[in-house]
Amino acid sequence: MATAKIIYASMTGNTEEIADIVAETMEDLGLDVEIDECTQVASEELQEADICVIATYTYDDGTIPEEIMDLYEDLETMDLSGKLFGVCGSGDTFYDDSYCKAIDKFEKALLNTGAQKGAESIKVDLACDEEDIQKLESFAKQIVEKTH
C-alpha cells in the first residue's frame, strides 16, 4: 500500500482544513496517510513516504511562513527521487503579485529534490468553498493515480 506524508503550516486554520481534505481523500482511496503540523515533524520523514504533500499559507507579500522555513531549507539538501509530490495551500488575493507565492517556492524546491510532481498545485483564496474542495479532492486523486 502506498503511503503519503502531509505536512502543513496553518495560522488561521484554513490551510489545516486544506490538508485535512487532501488526507481524507487519499485515505478514501486506500492510502496510508500521516498528517502533521510542520513544527511537530522532522523533514526526513518525507523520505519514508511514497507521496509528499506540503500545504502552506503565504504570509504577507509572498513570504514563506517562519514555522515551515526549516522544512523549506532542508529540501535544498534532500534527495526525494522516486517520490511523488503535491503542493497546496492558502493565500489572500489582496496581495495580487505575491498571491500564494510560498506554494510556488515549495513546488520549485521539491522539483529540485528529484521528486516528480503528481498534480498541479492548488491555491485557495483564504478559506475553502465548495469549488475549492472539489479541486483539492481532484488534486489528491491525480497524485494517487500516479502511484499505480
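## Salt bridges and a buried leucine

Glu131 and Lys135 sit 4 residues apart in helix α4 (residues 130-145), so about one helical turn separates them. These two side chains form a salt bridge, with their closest N and O atoms 3.4 Å apart. Keep in mind that you're looking at a predicted model. In total, the structure holds 8 salt bridges, and a few of them are worth a look, along with a leucine called Leu31.

**The pair in helix α4**

- Side chains of opposite charge can pair when their charged atoms come close.
- For Glu131 and Lys135, the gap of 3.4 Å between the closest N and O atoms counts as a salt bridge because the cut-off is 4 Å.
- Glu131 is partly exposed, at 49% relative accessible area.
- Lys135 is partly exposed too, with a relative accessibility of 38%.

**The network around Lys5**

- Elsewhere, Lys5, Glu34, Asp36 and Glu45 are joined into one network by salt bridges that share partners.
- One of the links is between Asp36 and Lys5, whose side chains meet at 2.4 Å, N to O.
- Asp36 belongs to strand β2 (residues 32-37) and Lys5 to strand β1 (residues 3-8), so this pair ties together parts that are 31 residues apart in sequence.
- Lys5 also meets Glu45 in a salt bridge, this time at 2.8 Å, N to O.
- That second pair links distant parts of the chain, 40 residues apart: Lys5 is in strand β1, while Glu45 is in the loop between β2 and β3 (51-57).
- Is Lys5 buried or exposed? Lys5 is buried, with a relative accessible area of just 2%.
- Its partner Glu45 is partly exposed, at 25% relative accessible area. The line between the two labels is drawn at 20%, so Glu45 falls on the partly exposed side and Lys5 on the buried side.

**Leu31 and its neighbours**

- Now for a residue in a loop: Leu31 is found between α1 (14-28) and β2.
- Leu31 has a relative accessible area of 8%, and that makes this residue buried because the label applies under 20%.
- Which residues does Leu31 touch, not counting those up to four places away in sequence? The contacts are Met1, Ala2, Ala4, Met26, Ile51 and Val144.
- Take Ala2, one of those contacts. Leu31 and Ala2 are 29 residues apart along the chain, yet their C-alpha atoms are separated by 5.5 Å.

Terms used
Residues numbered from 1 in each chain as written. Predicted model: local features only at pLDDT ≥ 70, side-chain atom pairs only at ≥ 80, totals over all residues. Heavy atoms only, no water. Helix = DSSP H or I, 4+ residues; strand = E, 2+ residues; numbered from the N terminus. Buried < 20%, exposed > 50% of the residue type's maximum accessible area, 1.4 Å probe, protein only. Contact = heavy atoms within 4.5 Å.
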